[in-house]
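Student: Please take a close look at a single part, the interior, and show how it is built from its elements. I would also like to know how far each statement can be trusted.

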Amino acid sequence: MQSVPEDQDLDYEYGTDLRPGTPRREVPILDLNDLHSADPETQAAALAELDRGFRRFGVVYVKNSGLTSEDLEDFYRVFLAFTDLPREVKEKVSGSDVWFQRGWMPPSTERSGGTAKHMEAYFAATSDADPRTQAMFPQIQAPNRWPDGWPRSDELREKQLAISRALQRVAVMLLRGVALRLGLPPFALETLAYGGPHVTQSTRHLPIPAPSGEEQAVWCEEHTDYNMLSIIPGARFFQPGEIKEFCPPPLDGGILPPAGLYHRGRPSQRHPEGEMLRGKPPEGCISAQVGQSLEVLTGGRYLATPFMIKAITGYERCSVQHFCHVRLTETLFPLPELADDAAVRTYSPPVLAGTYSTMNLVDIGLAPSTALGLEGRSDNRAHSTKNAHAVPEKWSETPCPEIAEIEVQRRGTTGTVPQLRATAKASSAAAAAR
Ligand SMILES: [Fe+2]
C-alpha cells in the first residue's frame, strides 16, 4: 500500500483526545452546504477537504447533515424499547429468512473478524425496491417488516425511516462530491447507487463480561465494510436497564483507551501500519467512511476504511449505521475514467454487485453458505444452460475461490481489496494444488 509522505500529516494536527496531553489527528470536517455551494471557491475548498479526508483517513465528519442529536436520541429510545421486548415477540419480526437484511437480528448472529458480535439489531431499507428487483434479489431487496401489534410499532417505523432517508441523502451528496473531485461525470456514482439495497442497521451492543487478560474487549473486530459509503451518526452509551439516560463515552479510569469507534488511517512513514484514530465526530457532526465498493469503483483512489469498536464492561451502547450500496445489477469494477492499467490489474476480474453482496453476507454470518450456490438452482435455466459443468455438486463441501477469498477477509480485513484478492488467489491456487 502506498504510504502518505509525513509532511502531509501536519494539516491534521488539531484537536485533543479525551486524555489530556494526548495529541490527536482529527479528520476534516465538511459542511454539506459548502460541498454544493454556488460559490466555486467555497465548493472547491470543500471538495478538497472531502478528498483529503477520504484519501488520508477514509473518513470525513459531516456538518449540516439534517439529522439532529435530539432526533437521533428519540429514535434510540424507541429502538431500545423494542429490544427490551421478550425474545418470542421479537422473533415474530426476525429477518432470518431474508439474511437478516430486514427486521430483527438476534444477539451473536453477525460476525466480524471471525468473531460473533455481542449485539442485536434491526434492519430497514431506506425504501422498498420495485417488484422486479425484489424478484431478482428476494433476500437482499426484501420489503421492510415492522413489529405487528406492538403499540410503538408506527413510531419505530417512522423514526427509523426518517433517519434512513436523512443518511441516504448525505451519502448521495458525498458521492456527488466524489464524482466532481475525481473528474467523473457529475452524477456517475449516485447513478450507480440508484435503486441499490441501501439499508439502515440500528444496533444495541450488549454488556460484556470483564476481560480476563490485558486485551481490551471489543464489540466489533477490525474490518472494512463492503458497501460504497457507511454513514454513522454517532453512538450513545448507557448503563444496563437505564435506556432513557445516555451518558458520555465511559473512560474506565483512563487505564484503557475510551470505548467506541476507532478507524485506521492510511499508512504513513511514522505509522507504517496506519494509525488507529478514535472516531469521535464533533457535536452536531456525523461520520462518513469509505467501503470496499467505492474503493473498487475509484480504482483505489480511496481505500476502504478499517474500523473497530472497543468495548467497556458495565455499559451498553446503541448506534446506527447506514449502508449506501451499488445497485445489485451493476458490475463492480473501476470506472472507465479511473481504470488505468494498475487499477484494472488490481481490481480484476469484474464482479456483479449482487454476487459481491451475497459473498459478504455469507462471510459475516448473515446468509447461509448455500446462498453462494443460488445461481445453480435446478430451476434456474440461465445457469443450467450456460454454466452447468462449472457448478460443484455440493457448494457446502467444495471450496470455491470466492469462499477462499472471504475466508481470508474474515481472518483480518485490514488489507486493501486487492491485497485480500491476491491472498485469496494464492490460497485457492494452493488448495487446487493439494
Ligand atoms: Fe461493518
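**The interior and its surroundings**

Tutor: Of the 434 residues in the protein, 42% are buried, a residue being buried if 20 or more other C-beta atoms lie within 10 Å of its own, exposed if 12 or fewer, and partly exposed in between, with C-beta atoms placed from the backbone. This is a predicted model, in which local features need pLDDT of at least 70 and side-chain atom pairs count only at pLDDT 80 or more, while totals for chains, interfaces and linings use all residues. Residues are numbered from 1 along each chain as its sequence is written. The protein has 13 helices and 17 strands, which are DSSP runs numbered from the N terminus (helices H or I, at least four residues; strands E, at least two).

The mean pLDDT, the predictor's confidence in each residue from 0 to 100, is 81 for the protein, with 78% of residues at 70 or more. Confidence is highest in β9, at a mean of 98, and lowest in helix α11 (residues 381-386), at 34, and β9 is a good place to begin.

In strand β9 (residues 229-232), L229 and I231 point one way and S230 and I232 the other, and all of these residues are buried. On the strand's pairing, where two strands pair if DSSP finds at least two bridges between them, β9 runs antiparallel to β13 (residues 285-290), with four bridges between them, and antiparallel to β15 (residues 316-324), with three. S230 takes part in both pairings, since it stands opposite Q289 in β13 and has F323 as its bridge partner in β15.

The largest nonpolar core (a set of buried Ala, Val, Leu, Ile, Met, Phe, Trp, Tyr and Cys residues joined through C-beta atoms within 7 Å) has 93 residues, and those touching the most other members are V60, V170, L174, L175, L229 and I231. Helix α6 contributes the largest share of this core, twelve residues. In soluble globular proteins, nonpolar side chains tend to be buried together. With contact taken as C-beta atoms, placed from the backbone, within 7 Å, and its neighbours within four places in sequence left aside, I231 is in contact with L167, V170, A171, I286, A288, H322 and C324.

Helix α6 itself covers residues 153-181, and its 29 residues should span 42 Å at 1.5 Å a residue, which agrees with the 42 Å between its end C-alpha atoms; the expected span is 1.5 Å times one less than the number of residues. Just after α6, G183 takes a positive phi of about 75°.

Burial extends to other elements. Strand β6 (residues 119-125) has seven of its seven residues buried, so it is largely enclosed by the rest of the structure, and both of its faces are covered, with M119, A121, F123 and A125 on one side and E120, Y122 and A124 on the other. Three bridges join β6 to β3 (residues 103-105), which runs antiparallel to it, and A121 is the bridge partner of M105. To β7 (residues 199-205), also antiparallel, β6 is joined by seven bridges, one partner pair being E120 and R204.

Helix α10 (residues 353-363) is likewise largely enclosed by the rest of the structure, because eight of its eleven residues are buried, among them Y356, M359 and L361. G365, just after α10, has a positive phi of about 85°.

D34, which lies in helix α1 (residues 32-35), offers a contrast: D34 is partly exposed, because 19 other C-beta atoms lie within 10 Å. Residues up to four places away aside, D34 touches T42, Q43 and A46.

Across the protein, among contacts between residues at least 6 apart in sequence, 71% join residues at least 24 apart. Some stretches call for caution: pLDDT stays under 50 over residues 375-414, for which the model has 50 contacts beyond four places in sequence, and is below 50 over residues 423-428, a stretch with nine contacts beyond near neighbours in sequence. Where pLDDT is low, the predicted coordinates should not be read in detail.

Key. Contact = placed C-beta atoms within 7 Å.
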